[in-house]
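Grab a viewer and work through these short exercises with the coordinates loaded. Each one sets a task and then walks through a solution.

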Amino acid sequence: MEAKVVWNEGLVFTGIADSGFSIRLDSKKEVGGSDSGIRPVELMALSVAGCTAMDVISILQKKHQQVTAFEVQVHASRADDHPRKFLKMVIDYIITGHDIEPGAVERAVQLSEEKYCSAIATLRGNVEFERRILIQSPEPSY
């Protein structure tokens with residue numbers, strides 16, 4: 001895998017991945033940025049959310065679970081002092097669907113967090129992880 005950032009101006013960079021996709025990176029104005037892009041450390045939290053979300057939805061689809069909506073939220077706490085590393089990430093899995101089996105969801109999350117998600121595996125041992133799972137039924141349509 002290859003990744004690069006190209007400086008634009010100030011603290012603005014364009015991040016470019018192997019896939020050819022790009023993303024604008026910046027910092028907040030208080031530290032010299034222009035507040036025009038995502039922060040690099042935010043990408044780490046998004047990587048955790050995206051990685052585990054893709055695993056879990058793939059597993060649930062293979063288990064024929066009738067998921068109608070799915071969201072993963074990462075609530076991250078960081079150290080106050082530099083380098084302000086991540087201390088803890090609480091991952092909320094919010095699954096909406098019909099007749100969702102709680103055991104299937106628990107197993108899908110466990111497999112993702114313990115076996116498949118490379119973002120979590122990279123941070124494990126340095127960051128404390130906690131998970132919360134919420135299974136809800138879709139709103140009735142009238």
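**Exercise 1: a proline and its loop**

In which loop is Pro83 found? Locate the residue, then check the peptide bond before it.

Solution. Keep in mind that this is a predicted model.
- Step 1: Pro83 is in the loop between β4 and β5.
- Step 2: look at the bond that joins His82 and Pro83, which is a cis peptide bond. Its omega is about 20 degrees.

**Exercise 2: the overall layout**

List the elements in order, then describe the chain as a whole.

Solution.
- Step 1: count the elements, and you get three helices and six strands.
- Step 2: read from the N terminus, and the order is β-β-β-α-β-β-α-α-β.
- Step 3: put a box on the C-alpha atoms along the principal axes; the box is roughly 50 × 35 × 35 Å.
- Step 4: turn to burial and surface. The chain has 142 residues, and 31% of them count as buried. About 9300 Å² is exposed, with carbon and sulfur atoms supplying 53% of that area.
- Step 5: take the contacts between residues at least 6 apart in sequence; 49% of them join residues at least 24 apart.
- Step 6: finish with the charges. There are 16 positive and 20 negative ones, and their mean positions sit 4 Å apart.

**Exercise 3: the nonpolar core**

Find the largest nonpolar core and say which elements build it.

Solution.
- Step 1: a general reminder is that nonpolar side chains tend to be buried together in soluble globular proteins.
- Step 2: here the largest nonpolar core has 25 residues, and Val48 and Tyr93 have the most contacts inside it.
- Step 3: α1 (40-62), β5 (86-98), α2 and α3 (118-123) each supply at least two of its residues. The top contributor is α1, with eight residues.
- Step 4: zoom in on Tyr93. Leaving out residues up to four places away in sequence, its partners include Thr52, Val56, Phe70, Val109 and Ile133. Charged residues also turn up in that list, among them Glu71, Glu113, Arg131 and Arg132.

**Exercise 4: a serine inside**

Is Ser112 buried or exposed, and what does its side chain pair with?

Solution.
- Step 1: place Ser112 in helix α2, residues 102-116.
- Step 2: its relative accessible area is 0%, so Ser112 is buried, the cut-off being under 20%.
- Step 3: its side chain makes a polar contact with the side chain of Asp55, at 2.9 Å.
- Step 4: beyond neighbours within four places in sequence, Ser112 also contacts Thr52, Val56 and Cys117.

**Exercise 5: Val67 and a distant tryptophan**

How far is Val67 from Trp7, in sequence and in space?

Solution.
- Step 1: find Val67 in strand β4, residues 66-78.
- Step 2: the two residues are 60 apart in sequence and 41 Å apart from C-alpha to C-alpha.
- Step 3: with a relative accessible area of 24%, Val67 is partly exposed.
- Step 4: ignoring neighbours within four places in sequence, its contacts are Ile57, Leu60, Ile95, Thr96, Gly97 and Ile100.

**Exercise 6: positive phi values**

Where do Asp35 and His64 lie, and how accessible are Asp35 and His64?

Solution.
- Step 1: Asp35 has phi near 60 degrees and is in the loop between β3 (22-25) and α1. Its relative accessibility is 45%, so Asp35 counts as partly exposed.
- Step 2: His64 has a positive phi of about 60 degrees without being a glycine, and lies in the loop between α1 and β4. At 68% relative accessibility, His64 counts as exposed.

Key. Residues numbered from 1 in each chain as written. Predicted model: local features only at pLDDT ≥ 70, side-chain atom pairs only at ≥ 80, totals over all residues. Heavy atoms only, no water. Helix = DSSP H or I, 4+ residues; strand = E, 2+ residues; numbered from the N terminus. Buried < 20%, exposed > 50% of the residue type's maximum accessible area, 1.4 Å probe, protein only. Contact = heavy atoms within 4.5 Å. Areas by Shrake-Rupley, 256 points an atom, 1.4 Å probe, with all protein chains shown as cover. Lys, Arg positive; Asp, Glu negative; His and termini not counted. Charge placed at Lys NZ, Arg CZ, Asp CG, Glu CD. Polar contact = N/O pair within 3.5 Å; in protein donor to acceptor, adjacent residues only side chain to side chain. Core = buried A, V, L, I, M, F, W, Y, C linked by side-chain atoms within 4.5 Å.
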